[in-house]
Amino acid sequence: MPVVYFVIIAIVVLAIIFIKKTVVIIPQSETRIIERLGKYYATLQPGINIIIPFIDQAKTIITLSRGRYVYSDSIDLREQVYDFDKQNVITKDNIQMQINALLYFQIVDPFKTAYEISNLPNAIEKLTQTTLRNIIGELELDQTLTSRDTINTKLRAVLDDATDKWGVKVNRVELQDILPPASVLAAMEKQMQAERNKRATILTSEGEKQAVILQSEAEKTAAINRAEANKQQAILQAEGEATARVRKAEAEAEAINKITIAVGQSSNPANYLLAQKYIQTLQEIAGSDGAKTVYLPYEATNLMGSIGGIKDLFKAE
């Protein structure tokens, strides 16, 4: 009985091992490459798969796990990301800097991945480094710092084309850090500061220029307004004086006309007016020094004649 018991247990154990080796369950988004007697046989799909134990074997490939290369018989079909360490590159203008990149790729043909390349992660890393050096070597420092999108696009195109024969699709490449030397950073900082000072000086000078222009325009407008006001004042004053003279002349003409009517034809109106002027002038001269001096005009005869004319005028009235 004990021997039979052990035989039954051995048969059960072997059956379990056989079933386990025969039935292979593949998770979603993974696959395995099966070799039968060392030759490619099939690519297993997600779900339950049946193989022949000890005859069919899964091919192992090298993958990157937590920064280390490991052997695995499963191939992950999901998009993967590789974070490469910083590497030294030299620009076209001989500036050495450090760059690290992120690479997003996906295995689309497990057969090529298993048989066309022995160490896929290492191959992708070396290809990325050399390609990145070539691209940066064609650019100057300023272009490298301002053309990340261009570098990413070129790098992705080159890597995608080169890794196609490995069954890999490169979806995206991102440059994380671009670190120039400390001396270059200091020079760039000084250049940026100088550029800021330059812009500040330009803005200040532009402001002062605008202020001077506005002030000169204001002074010009004020001078024009003053000249216009003086002009209008002179015009009004001249018009007032002309009007006053016209009215004065009209008044004098009216007075002469009335005198002429009053004296009639017996006397000359001019003598009457002249006599009035003489008398008015004598009054002004006599009143200028307190009436202490008496002035007689040189032509006293004409004065007396004018006064006589006035006397005749009163008699006529």
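**Exercise 1. The aromatic cluster**

Tyr-40, Phe-111 and Tyr-115 form one aromatic cluster, and the model in which this cluster appears is a predicted one. Describe the geometry of the pair formed by Tyr-40 and Tyr-115 and that of the pair formed by Phe-111 and Tyr-115, and place each pair in the chain.

*Solution.* Begin with the count, which comes to four aromatic pairs. One of them joins Tyr-40 and Tyr-115, whose ring centres are 6.1 Å apart and whose planes make an angle of 90°; because planes over 60 degrees apart count as edge-to-face, this pair is edge-to-face. The pair links distant parts of the chain, since Tyr-40 belongs to strand β3 (residues 39-44) and Tyr-115 to helix α2 (residues 110-115), 75 residues apart. Neither ring needs to be guessed at for exposure: Tyr-40 is partly exposed, with a relative accessible area of 34%, and Tyr-115 is partly exposed at 31%.

Next, take Phe-111 and Tyr-115, which form a tilted pair with 4.9 Å from centre to centre and 45° between the planes. These two residues are four residues apart in helix α2, and therefore about one helical turn separates them. Phe-111 is likewise partly exposed, its relative accessible area being 35%.

**Exercise 2. The nonpolar cores**

Which residues of the largest nonpolar core touch the most other members, and which element gives the largest share of this core?

*Solution.* The largest nonpolar core holds 33 residues, and those that touch the most other members are Ile-99, Leu-103, Phe-105, Leu-120, Ile-124 and Trp-166. Two or more residues come from each of β11, α3, α5 (148-162) and β12 (168-179), and the largest share, seven residues, comes from α3. As background, nonpolar side chains in soluble globular proteins tend to be buried together.

Leu-103 can then be followed outwards: leaving aside neighbours within four places in sequence, its contacts include Val-81, Phe-84, Ile-124, Leu-159 and Val-170, and also Gln-80, Thr-128 and Arg-172. A second, separate core has five residues, among them Val-24, Ile-26, Ile-34 and Leu-44.

**Exercise 3. The largest pocket**

What is the volume of the largest pocket, and which residues of its lining lie nearest its centre?

*Solution.* The space in the largest pocket amounts to about 310 Å³. Its lining consists of 20 residues, with Thr-63, Leu-64, Ser-74, Asp-76 and Gln-80 lying nearest the centre. The elements that give two or more residues to this lining are β6 (61-65), β8 (75-76), β9 (80-83), β11 (96-107) and α3 (120-137), and the largest share, five residues, is that of β6. Sorted by class, the lining has 10 nonpolar, seven polar and three charged residues.

**Exercise 4. Positive phi outside glycine**

Where in the chain do Leu-37 and Phe-54 lie, and are they buried or exposed?

*Solution.* Leu-37, which is not a glycine, has a positive phi near 55° and sits in the loop between β2 (30-36) and β3. With a relative accessible area of 72%, Leu-37 is exposed. Phe-54 also has a positive phi, about 70°, and is found in the loop between β4 (47-50) and β5 (56-58); at 63% relative accessibility, Phe-54 counts as exposed.

**Exercise 5. The chain as a whole**

How many helices and strands does the chain have, and what percentage of its residues is buried?

*Solution.* The chain has eight helices and 12 strands, and buried residues make up 24% of its 317 residues. Among contacts between residues at least 6 apart in sequence, 60% join residues at least 24 apart.

Conventions: Residues are numbered from 1 along each chain as its sequence is written. This is a predicted model: local features need pLDDT of at least 70, side-chain atom pairs count only at pLDDT 80 or more; totals for chains, interfaces and linings use all residues. Side-chain values use heavy atoms; hydrogens and water are left out. On a 1 Å grid over the protein atoms alone, a cavity is a set of points where a 1.4 Å probe fits but cannot get out, and a pocket is an open set with protein on both sides within 12 Å along at least five of seven lines; lining residues have an atom within 4 Å of a point. Grid points are joined across faces, edges and corners, and a volume is the space filled by probe spheres set on the points. Ala, Val, Leu, Ile, Met, Phe, Trp, Tyr, Cys and Pro count as nonpolar, Asp, Glu, Lys and Arg as charged, and the others, Gly among them, as polar. A nonpolar core is a set of buried Ala, Val, Leu, Ile, Met, Phe, Trp, Tyr and Cys residues joined through side-chain atoms within 4.5 Å. Buried means under 20% relative accessible area, exposed over 50%, partly exposed in between (1.4 Å probe, protein chains only). Contact means heavy atoms within 4.5 Å. Rings of Phe, Tyr and Trp (its six-membered ring) pair if their centres lie within 6.5 Å; planes under 30 degrees apart count as stacked, over 60 as edge-to-face and the rest as tilted.
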